[in-house]
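Please take a moment to look through the structure shown below, and keep it beside you while you read the explanation that follows.

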Amino acid sequence: MKETWRLIDMRIEDAPTQMAIDEAIAMARLKENTPNTVRLYRWNPSAVSIGYFQSVEKEVNLPACEEHGVDVIRRITGGGAVYHDYDGEITYSVVAPEADPKMPADILESYELICGAIANGLAVLGVDAQFKPVNDIVAGGKKISGNAQTRRHGVVLQHGTVLVDSDIKRMFQVLRVSDAKISDKLIQAVEDRVTNLRRYLGHRVGFDEARKALIKGFEDTFDVALQPGELTDAENRLVKRLHDKYSSREWVFQR
Amino acid sequence: MKRAEYKIPGGKLLAAELDVEGDRMIGVKITGDFFMHPETSIIELEKTLEGAPTADLEKTVNRFFRENDVTLFGIHVEDFVKVVRMALES
């Protein structure tokens, strides 16, 4: 009998709710003895998430976000800024204890494994994708997924993005790319460093097809069955509380 | 205000801004797309550097990481020293 993990499948929520759900699942995992969990989700409205250590003013074109109705949020995880396009992006998250036999203790190895699950899912769609340290997944040499992990409350929380048909022009309108980062890779135009499923495959992949592939990627990689489920009452109470943190100006503009 | 950006070989970007009063650092702020667990350690590191003599930068940073249980990923202790030094010299 295969081990089962909980799947919270394709909830569409605003940015503070999505980030609150990820943190709530991590907080509850050991304290409330909830199951290991994989989430797939989309952001409505579209949003920019920045890493915990990033400067919101340096990374985000705030007037452009305002103009296009794009939310701005700070994650609890480090890493870079991401444009979560409602019409073109799937975010995943996974929570499992650090001590889980299926979860490598070593941080790089755990990135490699979880990003491998995403790459295996993308392979189902015909995409040849590889984990690229530190925390990216590339296809045809271009970034198709960014990932960020934290470890707290005795658990690993990793979330990341899969670009399905992201509006890459809009992405670079709402994100500000630093001079140092551009000059390092002057050879390639910024837009040439990022791809999505539609660009790579030459046709649009539906959200349902992509989500099924990602589920298979996780199930095969971790040798588990993902069982659709909901948040517990305790998790929902945490979400409510954390939502206030994530939507506060103090949190988003703290650096 | 002094500011510097440093692209760590391998991909991560690190920035520091600060002011200098006499021979001491004030208003130190470190930002970037690196990983550090627990994340709030960055606030403690900034507090540790607040008012520290510029000449003791390396010693102060090294002591912080020796005395605190902090995990770095995509970045090393010396990168923090380097970016703050770059800001000081800017």
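Helices and strands are taken here as DSSP runs, a helix needing at least four residues and a strand at least two, and they are numbered from the N terminus. With that in mind, A:D223 can be placed in the loop between α8 (207–222) and β11 (224–228) of chain A. The model is a predicted one, and the angles and distances given below are computed from it.

A:D223 is a useful residue to begin with, since its phi is near 50°, a positive value in a residue other than glycine. Its relative accessible area is 43%, and A:D223 therefore counts as partly exposed. Another residue of chain A that is not a glycine, A:M10, has a positive phi of about 55°. A:M10 is found in a strand, namely β1 (residues 3–13) of chain A, and with a relative accessible area of 17% A:M10 is buried.

Further along chain A we come to strand β7 (residues 129–132), where the side chains alternate between two faces. A:A129 and A:F131 point to one face and are buried, whereas A:Q130 and A:K132 point to the other face and are not buried. Which way does β7(A) run relative to its partner, strand β8 (residues 136–139) of chain A, parallel or antiparallel? The two strands pair in the antiparallel sense, and four bridges connect them. In one of these pairings A:Q130 has A:V138 of β8(A) as its bridge partner. The connection from β7(A) to β8(A) is a hairpin of three residues, and A:V134 has its place in this loop between the two strands. The peptide bond that leads from A:P133 to A:V134 is cis, with an omega near 15°.

Another loop of chain A, between β9 (142–152) and β10 (155–163), holds A:H153. The relative accessibility of A:H153 is 40%, so this residue counts as partly exposed. If we set aside the neighbours within four places in sequence, A:H153 is in contact with A:A26, A:M27 and A:L30. A:K58, by contrast, is 95 residues from A:H153 along the chain, and the C-alpha atoms of these two residues are separated by 30 Å.

We can now turn to chain B and follow its strands. Strand β1 (residues 2–7) and strand β2 (residues 13–21) of chain B run antiparallel and are joined by six bridges, with B:E5 standing opposite B:A15 in β2(B). The hairpin of β1(B) and β2(B) has five residues between the strands, and in this hairpin B:G10 takes a positive phi near 110°. On the next step, β2(B) is joined to β3(B) by seven bridges, again with the strands running antiparallel, and here B:A16 stands opposite B:I30 in β3(B).

Taken together, these three strands of chain B form an open sheet in the order β1-β2-β3, with antiparallel pairing. The edge strands are β1 and β3 (24–32) of chain B, each of which pairs on one side only. From one strand to the next, the twist averages 20°. Helix α3(B) lies across β1, β2 and β3 of chain B, and runs at about 140° to β1(B).

After the sheet, there is a loop between β4 (35–37) and α1 (41–49) of chain B, and B:P38 lies in it. The peptide bond joining B:H37 and B:P38 is cis, and its omega is about -10°.

The last part of the walk concerns two helices. Two packed helices are described by the angle between their axes and the distance between the axes. Helix α2 (residues 57–67) and helix α3 (residues 77–89) of chain B pack at an angle of about 150°, and their axes are 10 Å apart. Because angles over 145 degrees count as roughly antiparallel, α2(B) is roughly antiparallel to α3(B). The crossing in which α2(B) passes α3(B) is right-handed.

Which residues of α2(B) and α3(B) meet? From α2(B) come B:L57, B:E58, B:V61, B:N62 and B:F65, while α3(B) contributes B:V77, B:F80, B:V81, B:V84, B:R85 and B:L88. Sorted by class, this contact of α2(B) with α3(B) has eight nonpolar, one polar and two charged residues.

Terms used. Residues numbered from 1 in each chain as written. Chains lettered and ligands numbered in written order. Predicted model: local features only at pLDDT ≥ 70, side-chain atom pairs only at ≥ 80, totals over all residues. Heavy atoms only, no water. Axes fitted to C-alpha atoms, helices over the stretch in contact; angles between N-to-C directions. Parallel < 35°, antiparallel > 145°, perpendicular 65-115°, else oblique. Left-handed = near helix turned anticlockwise from the far one by under 90°. Contact = heavy atoms within 4.5 Å. Nonpolar A, V, L, I, M, F, W, Y, C, P; charged D, E, K, R; others polar. Buried < 20%, exposed > 50% of the residue type's maximum accessible area, 1.4 Å probe, protein only. Pairing = 2+ DSSP bridges.
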